[in-house]
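Welcome! Please take a look at the structure below, and then we can walk through it together, one topic at a time.

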Amino acid sequence: MESGAYGASLAGGAFDFMSFIKQPQTIVRILSWIFSIVVFATITGEGYVNPSHLPDTKCMFNGNDSACGFGVGIGILSFLACVIFIILDAYFPQISNAKERKNIVTGDLVFSGVWTLFWFICFCVLANQWSHTTEVAGIPVDAARAVVAFSFFSIVTWALLTTFAYTRYRQGVNDIDQGYTDPANDYSTPYPSTSAYPPYPTSGPEGYQQSPFTPQNQEHPAPYQPPSY
């Protein structure tokens, strides 16, 4: 089919960077990448404070180090996943095998759905711990609120990525149902028939040609004459 499979054109076309950047899925993926950087970088840089009455640093979210660790872990993994999937999105139109395309789209769908859930849990944990934080002296309040806010924004972006992946998956299933043939497994193209080639000359009056070195009198040799003495 001309539309290809799983939401991408057939393989072999040149990569258009500007068209790739303008795709809604790419824009949302980049936003998710930025939001993840804000979350884990803010927690890493400003999320641990040292209260005056405690010798060690504590998480700014109610002193719960697990909350900060969970936010950092989700943010870093989200950052790495966005980089990987952006590379796969750029390489996706060059893949001609429909099975490989299906595996990538399925992985994107599953991961995006799971990470939407993880961001929701992260937002709930951070918001709950921040609401129970009573001592805000020495705590960067704006940084804590930014982490909670961008955790919520990440829920929205990853939910959109899940929707995009599901749309591509459904489109790929519909393309296959309508008769899409995987180019890697397309054996339906026939070889040229023998009628396309000229017939091989056979022996007979039409195909036989006399050798140019055959003597003209080979068929009627002269009679033998004995020598005279």
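Here is a short briefing on the overall layout, the helix pairs and a few individual residues.

This is a predicted model. The protein contains five helices and two strands, and from the N terminus on the elements run α-α-β-β-α-α-α. Of the 229 residues in the protein, 29% are buried.

**The chain as a whole**

- Try following the chain from the N terminus: two helices are followed by two strands, and three helices complete the order.
- Contacts between distant parts of the chain matter for this picture: among contacts with a separation of 6 or more, 79% are between residues 24 or more positions apart.

**Helix H2 on its own**

- Helix H2 covers residues 24–46 and has 23 residues.
- From its first C-alpha to its last, H2 reaches 32 Å, close to the 33 Å expected at 1.5 Å a residue.
- The buried residues of H2 include Val28, Ser32, Phe35, Phe40 and Ile43.
- Here is a handy rule for reading such a list: an α-helix has 3.6 residues a turn, so residues three or four places apart point the same way.

**How H2 meets H4**

- Two packed helices are described by the angle between their axes and the distance between the axes.
- The axes of H2 and H4 (residues 98–131) come within 14 Å and cross at roughly 40 degrees.
- That angle makes H2 oblique to H4, and their crossing is left-handed.
- On the H2 side, Gln25, Arg29, Ser36 and Val39 make the contact, while H4 contributes Asp108, Ser112 and Trp119.
- These contact residues divide into two nonpolar, three polar and two charged.
- Gln25, Arg29, Ser36 and Val39 are also among the buried residues of H2.

**How H3 meets H4**

- At what angle do the axes of H3 and H4 cross? They cross at roughly 155 degrees, and the axes come within 10 Å.
- An angle over 145 degrees counts as roughly antiparallel, and so H3 is roughly antiparallel to H4.
- H3, which spans residues 65–91, passes H4 in a left-handed crossing.
- Among the H3 residues in this contact are Phe70, Ile74, Leu77, Phe85 and Leu88.
- H4 brings residues including Phe111, Trp115, Phe118, Trp119 and Val125.
- The residues of this contact divide into 16 nonpolar, five polar and one charged.
- Asp108 and Trp119 of H4 appear in the contact with H2 and also in the contact with H3.

**Two residues to find in H5**

- Serine 154 is in helix H5, and with 0% relative accessibility it counts as buried.
- Which residues does serine 154 touch, not counting those up to four places away in sequence? The answer is Phe35 and Trp119.
- Phe35 is one of the buried residues of H2, and Trp119 belongs to H4.
- Arginine 168 is found in H5 too, a helix that runs over residues 141–177.
- Is arginine 168 buried or exposed? At 10% relative accessibility, arginine 168 counts as buried.
- The C-alpha atoms of arginine 168 and lysine 102 are separated by 9.2 Å, although these residues are 66 residues apart along the chain.

**A residue with a positive phi**

- Most residues other than glycine have a negative phi.
- Asparagine 62 has a positive value, with phi near 60 degrees.
- You can find asparagine 62 in the loop between strand E2 (58–59) and H3.
- With 39% relative accessibility, asparagine 62 counts as partly exposed.

Note on methods
Residues are numbered from 1 along each chain as its sequence is written. This is a predicted model: local features need pLDDT of at least 70, side-chain atom pairs count only at pLDDT 80 or more; totals for chains, interfaces and linings use all residues. Side-chain values use heavy atoms; hydrogens and water are left out. Axes are lines fitted to C-alpha atoms, for helices over the stretch in contact, and angles run from 0 to 180 degrees between N-to-C directions. Helices (H or I, at least four residues) and strands (E, at least two) are DSSP runs, numbered from the N terminus. Angles under 35 degrees count as roughly parallel, over 145 as roughly antiparallel, 65 to 115 as roughly perpendicular and the rest as oblique. A crossing is left-handed if the near helix is turned anticlockwise from the far one by less than a right angle, and right-handed if clockwise. Contact means heavy atoms within 4.5 Å. Ala, Val, Leu, Ile, Met, Phe, Trp, Tyr, Cys and Pro count as nonpolar, Asp, Glu, Lys and Arg as charged, and the others, Gly among them, as polar. The expected span of a helix is 1.5 Å times one less than its number of residues. Buried means under 20% relative accessible area, exposed over 50%, partly exposed in between (1.4 Å probe, protein chains only).
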